Amino acid sequence: MALFLLLLPLFFLSSLANSLPILFPRAPQSLLANLSESNKYPNLPYSAHYFPQQLDHFSYQPKSYTIFYQKYLMNSTFWERGEPIFVYTGNEGDIEWFAANTGFMMDIAPKFRALLVFIEHRYYGTSKPFGEKSYESADKLGYLNSAQALADYAVLIRSLKHNMSAESSPVVVFGGSYGGMLAAWFRLKYPQIAIGALASSAPILQFDDITPWSSFYDGVSQDYKDESINCFEVIKKGWDELMRLSSVKNGLSELSTTFKTCKTLHSVYQARDWLWEAFVYTAMVDYPTKANFMKPLPANPVQEMCRIIDGFPPEVDILTKVFSAASLYYNYSGSQSCFNIGYEADVHGLDGWDWQACTEMVMPMTCSNKSMFPPSAYDYKEFGDQCKKTYGVRPRPHWITTEYGGHNIKQVLSRFGSNIIFSNGMKDPWSRGGVLENLSSSIVALVTAKGAHHVDFRSATEEDPTWLIEQRTLEVEIIRSWIDKYREDEMI
C-alpha cells in the first residue's frame with residue numbers, strides 16, 4: 001500500500017518556498033514516526049521474522065557482503081505445503097502498517113490455503129542496514145533503490161521456500177502504490193520466482209513524459225469538482241486569500257487563530273502545506289466506506305469536505321471554509337483542540353523516500369490552469385541542484401524507464417510479459433499514471449470509476465459497494481487461473 005508522501009521532499013520547501021509540495025502516496029512522517037516508536041498494531045495476525053540480507057546484490061566488493069536483518073511478517077494459519085505463497089512487496093514504510101491495511105490478502109488466503117508474507121523494504125521500518133545511521137550520508141544511502149529492493153525480495157523468497165520445503169508452491173506478489181510498482185516490476189524481472197502480480201494503484205507510467213505532468217493535480221481537482229463546483233472554486237480561491245492575508249500586518253497571527261494552531265505560524269507555507277496535504281490525501285483515499293488508512297475518515301470523505309464548504313453561508317470568509325474542510329482530514333474524531341501545523345514531520349527531512357526521489361523516483365509534476373491548485377511549472381535544474389546540495393548526488397530522471405520500461409508499454413510487454421493485474425480506481429489521482437487498458441490477454445487492467453487508492457486491497461466489509469465486490473471477485477478468479485495453469489504445466 002502505499003502510500004507514499006513526497007516526490008518533492010519536504011526538506012526542499014524551505015529553500016523552494018514558492019514550489020508546490022508534490023505528494024506521493026505513502027505514510028505521513030508523523031505516522032511513520034509513531035510506528036517506529038511503538039507497536040501500533042498489537043493484534044496484527046502475523047509473526048515477525050528477520051532475514052540476514054546482503055547489503056549489495058550487484059557488486060562483489062568485500063563491503064557488498066555486509067549483512068543487515070530484513071524484517072518480514074508471516075501468517076501460515078491456512079497454508080498447506082505445496083499451496084500458494086502470497087507475498088506483499090513492501091513499500092516505503094513500516095511493514096506492519098501495510099499488513100494492517102491489506103486485509104484483502106487475509107480475506108482470500110483461506111480460498112487458496114495460502115501462506116502470507118509481507119516483506120519490509122530495505123531502509124524502512126526496522127530494516128535499516130546501518131541502523132539509525134542509515135540516512136546520514138550518500139555513502140550509506142547509496143544502497144537504497146528499487147533494484148536492490150527487488151533483489152532482496154527474490155533472495156528472501158527463494159530462501160523461505162527452501163527452508164519451508166515449499167519449492168513447488170507458486171508465488172504471487174501483491175503490492176499497492178509504490179509497492180504495486182515493485183510487484184509489477186518483480187514479475188517482469190523475476191518471472192522464475194513469481195507466477196503473477198497484482199499491482200494496485202501502481203503509477204508505473206508517471207515517469208519521463210509518458211503521462212502529462214499536470215495529470216496528478218488535475219485528477220485531485222476533478223474529484224472535488226465532480227462533487228461540487230462551488231467546493232472546487234472555494235478551494236481554488238483559498239490559496240490567493242492565504243497569501244494575501246499572510247502579507248498584511250499581523251497576518252500570520254490571524255492565520256494562526258483561524259487555523260487553530262498550537263504554536264504561532266512562522267511561515268505561510270506551513271498553512272499552505274497543511275491544506276495541500278489534506279485535500280490531496282483525501283482525494284487519494286476517497287473510499288466508499290469508513291477507513292483509517294492515512295487518517296480516520298468517514299465514507300466518501302471528498303463529498304463530506306464539500307458538504308462542509310457548501311454548508312457555509314456565502315458571507316463566511318474563504319479561509320474559514322477551507323480550514324473547516326481540511327479539519328475533517330486531521331480531526332474527524334474531534335479529539336484535537338489545536339493543530340501542530342508545521343511541526344508534525346521530521347525536521348531533518350532525511351527519511352528514505354527523500355533519497356529515492358532525489359535519485360531514481362523522479363516523477364515531474366505541475367499544476368495546470370484547470371487545477372484547483374496554484375499554477376506551477378517543473379524545474380528539473382532547481383530540483384537537481386537541491387538534491388546535489390542535500391545529498392551530493394543528482395537525480396537520474398530516465399533511469400526507471402531504462403531499467404523497467406514504460407514507453408510503448410503495450411507493444412513491449414505484449415511480446416514477453418504475462419500474468420499481471422493492474423487495478424486502478426479513477427477517483428485516485430495516481431490512476432492517470434497507471435495502466436488503464438489491457439496490454440495483452442494476460443496483462444490486464446481492472447479499472448473502476450468510483451475506486452480510490454488501492455481500495456481493492458482493503459478488508460471486505462458489509463458496506464462494500466457491488467462494484468468493489470465484483471472487482472475483488474474478478475481478481476481472485478484471475479489469480480486462480482494463474483495457479484491452475486501452473487499446476488497444469490507441472491504435470492507436463
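Biologist: At what angle do helix α7 (residues 215–227) and helix α11 (residues 301–310) pack?

Modeller: This is a predicted model, in which local features need pLDDT of at least 70, side-chain atom pairs count only at pLDDT 80 or more, and totals for chains, interfaces and linings use all residues. Residues are numbered from 1 along each chain as its sequence is written, while side-chain values use heavy atoms and leave out hydrogens and water. Helices are DSSP runs of H or I with at least four residues, strands are runs of E with at least two, and both are numbered from the N terminus. With axes (lines fitted to C-alpha atoms over the stretch in contact, angles running from 0 to 180 degrees between N-to-C directions) 9 Å apart, α7 and α11 pack at about 60°.

Biologist: Which residues in α11 are met by Asp223, Tyr224 and Glu227 in α7?

Modeller: Contact means heavy atoms within 4.5 Å. By this rule the three residues in α7 meet Val302, Gln303, Met305 and Cys306.

Biologist: Is Phe118 buried or exposed?

Modeller: Phe118 is found in strand β6 (residues 115–119), and among the residues that Phe118 touches are Tyr46, Leu73 and Phe98. Its relative accessible area is 0%, and under 20% counts as buried, over 50% as exposed and in between as partly exposed (1.4 Å probe, protein chains only), so Phe118 is buried.

Biologist: How are the rings of Tyr217 and Phe373 arranged?

Modeller: Rings of Phe, Tyr and Trp (its six-membered ring) pair if their centres lie within 6.5 Å, and planes under 30 degrees apart count as stacked, over 60 as edge-to-face and the rest as tilted. Here the centres are 5.1 Å apart and the planes are at 70°, so the pair is edge-to-face.

Technical notes
Lists of a residue's contacts leave out its neighbours within four places in sequence.
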